[in-house]
Every structure is written in structure tokens, then in C-alpha cells.
Amino acid sequence: MRAMRLLPSAPEGLFGGGDLGPAPVSPLAVAEIFYSVQGEGMLVGVPSAFVRLSGCNLRCTWCDTPYASWEPEGTELMLGTLLSEARREWPTHVVVTGGEPMIAPTIVLLTERLRDHFKHITIETAGTVYAPVTCDLMSISPKLANSTPHERDGGRWAAQHDRLRYQPEVLKQLMSEYEYQLKFVVSAPEDLPEIKKILEETNADRGRVVLMAEGTSPETISERAAWIVELCKQEHFRYSPRLHIDLWGNKRGT
């Protein structure tokens, strides 16, 4: 699958690229746009255009996209240029991810315009920030204690990350307004009590809970999958592979 080429932002109009609008808006920081298949969750395997926005309010120790979080990078694109790149392959599904896309200043406008071109929009979020986006599947990945960066970067982000990573009122609002899945990254069986506490506090539907292994290699994920599947059987959760890692490894643009 090829990554879509990022173009320079266009200066004119609301959306750039000659798409004139009533007033200028800020460009979006975009780490990458690419065409692949959904690798995780309820829609695993569905061909999708991925729009990865750059910037995140969390600092997960095991983050597999540091170029959108710990060390944000990318290109500032006007909305018209972004849309033209995302729709180039004309899939029916688009996934807006990050980083944390819900902190992007024009995320609501972006999702409204994506609706003009795609039949299904997924937002990948940690569920710490609310915005009234246009969305068919709110893919929420609440961050567990296993994500806190106690050692990484000298632990400088640990306290802030711990304070922000779990926002039950935001979770409940997102879950009440959108079709959702709760996707938990699991690194040890000891993560289960924390997951169950979150489900109890948010009154989540267990049928929408997805567990997947933390890891950036097929070997690590396969090793953890055996006992995670048993947890799913025991608790009546869904198990999710990480298909993109199984197929291509921890590689950008896949």
C-alpha cells in the first residue's frame, strides 16, 4: 500500500487548493495520509483512507506513533488539499487518527467535509477531549496505567499524563452520542481490574469492549494474544489482532 504524497498547503480560500470559502481558517498539522486496511477493532480488514493528524495531549510510554505525539512532525495542509489527498483512492471508509485528533482546532469542520466524500468516518481517540464531530464509529482507546511514562524521557511527562489519561465524564458523553468501541491496549493480565473499573464507572456495553496486545512486533503480539484471548472468553469481550503489524511490521504508512 502506498502512502499518499503530502502536498504544500495552498494559501487561498477557506479550504485551500482553489476551493474558496467565506473566511480563512488555520491549516491542519498532518503527519501522514495513506491508504491501507483497518488493522484494529470491529472494522479490522476494511480498506480505508487514514488521515493522521499530528499533536497529542498524552505521552504514552509505548506510543507507536511518536512522530504524531512525542516528536510531532508533518505538514500544515489547508483543508481542501487534505481532502483531495484523502479521497484520491476513493475508499468508502476514512479513519481520522493521531496523535489525538480531537484536539485539532478545526476537527469539527474537517469531519463535516469528510462526510461529503466518504460513507463511513471513524475517529480514533483516547477519549480525553470532547468535540461535536461528525462520526460513524467513535473508536475510543482509554489509556491504562500501563501507558504512564515513568522512565521515558526522565519521567518528565508522567504526572501530566496520569492526570489527563482517564476522563470518565468525557468517555460517557462520547459513548452516549456516538456508536463506539472501547479499545484497550493490554500488556499484562494485571490490567484487567483497571479495565473492569472503567467499564463499571462509565456503564459501558461489554459487547463493545475490544482488547488488543501492546507491542510493535508480530512476535510480541502473538505471544500476548494467547492469554488475552482467554481473558476475552472469560469476560465476553472482543479480541482484536493488530493486522497492520502482522502484515507489515511497525512501519509508517501501513
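# Salt bridges, a helix crossing and some unusual backbone spots

With a relative accessibility of 22%, R208 counts as partly exposed; that class lies between buried (under 20% relative accessible area) and exposed (over 50%), using a 1.4 Å probe and protein chains only. Before going further, please keep in mind that this is a predicted model, where local features need pLDDT of at least 70 and side-chain atom pairs count only at pLDDT 80 or more, while totals for chains, interfaces and linings use all residues. Residues are numbered from 1 along each chain as its sequence is written, and side-chain values use heavy atoms, with hydrogens and water left out.

## Charged pairs

R208 has a partner: it forms a salt bridge with D205, meaning that a side-chain nitrogen of Lys or Arg is within 4 Å of a carboxyl oxygen of Asp or Glu. D205 is also partly exposed, at 39% relative accessible area. A search of the whole structure gives 19 salt bridges, and the table lists three of them.

| Salt bridge | N to O distance |
|---|---|
| E40 with K183 | 3.0 Å |
| E169 with K172 | 3.0 Å |
| D205 with R208 | 3.9 Å |

What does the pair E40 and K183 tie together? E40 sits in the loop between β2 (28–37) and β3 (47–53), whereas K183 belongs to strand β8 (residues 180–186), so their salt bridge joins parts that are 143 residues apart in sequence. For the secondary structure names used here, helices are DSSP runs of H or I with at least four residues and strands are runs of E with at least two, numbered from the N terminus. Both partners are buried: E40 has a relative accessible area of 10%, and K183 has 3%. The two also belong to a network of salt bridges that links E40, D64, E124, K183 and R242.

The pair E169 and K172 has a local setting. Both residues lie in helix α4, three residues apart, or about one turn of the helix. E169 is exposed at 56% relative accessible area, while K172 is partly exposed at 31%.

## Where α4 meets α5

K172 brings us to the helix contact. The axes of helix α4 (residues 168–177) and helix α5 (residues 192–202) come within 10 Å and cross at roughly 65 degrees. These axes are lines fitted to C-alpha atoms, for helices over the stretch in contact, with angles running from 0 to 180 degrees between N-to-C directions. The residues making the contact are P168, L171, K172 and M175 on α4, together with I198, E201 and T202 on α5; contact here means heavy atoms within 4.5 Å. By class, that gives four nonpolar, one polar and two charged residues.

## V186 and its surroundings

Strand β8, home of K183, also holds V186. Is V186 buried or exposed? It is buried, with a relative accessible area of 1%. Apart from neighbours within four places in sequence, V186 has contacts that include N146, I195, M212, A213, R224 and W227. One of these, A213, is 27 residues away along the chain, and the C-alpha atoms of V186 and A213 are 5.1 Å apart.

## Cysteines

How many disulfides does a search of the whole structure find? The search finds zero, where a disulfide is a pair of cysteine sulfur atoms within 2.5 Å. For C56, the nearest cysteine sulfur is that of C60, 6.5 Å away. For C63, the nearest cysteine sulfur is likewise that of C60, at 6.3 Å. C63 counts as buried, with 17% relative accessibility.

## Backbone spots worth a look

As background, most residues other than glycine have a negative phi, and most peptide bonds are trans. In this model, G98 and G99 are joined by a cis peptide bond with omega of about 15 degrees, and G99 lies in the loop between β5 (93–97) and α2 (107–114).

Two residues other than glycine can be viewed alongside it. N203 has a positive phi, near 55 degrees, and is located in the loop between α5 and β9 (209–213). H236 has a positive phi as well, near 65 degrees; its place is the loop between α6 (218–235) and β10 (238–239). N203 is exposed, with a relative accessible area of 69%, and H236 is exposed too, with 63%.

Terms used
Nonpolar A, V, L, I, M, F, W, Y, C, P; charged D, E, K, R; others polar.
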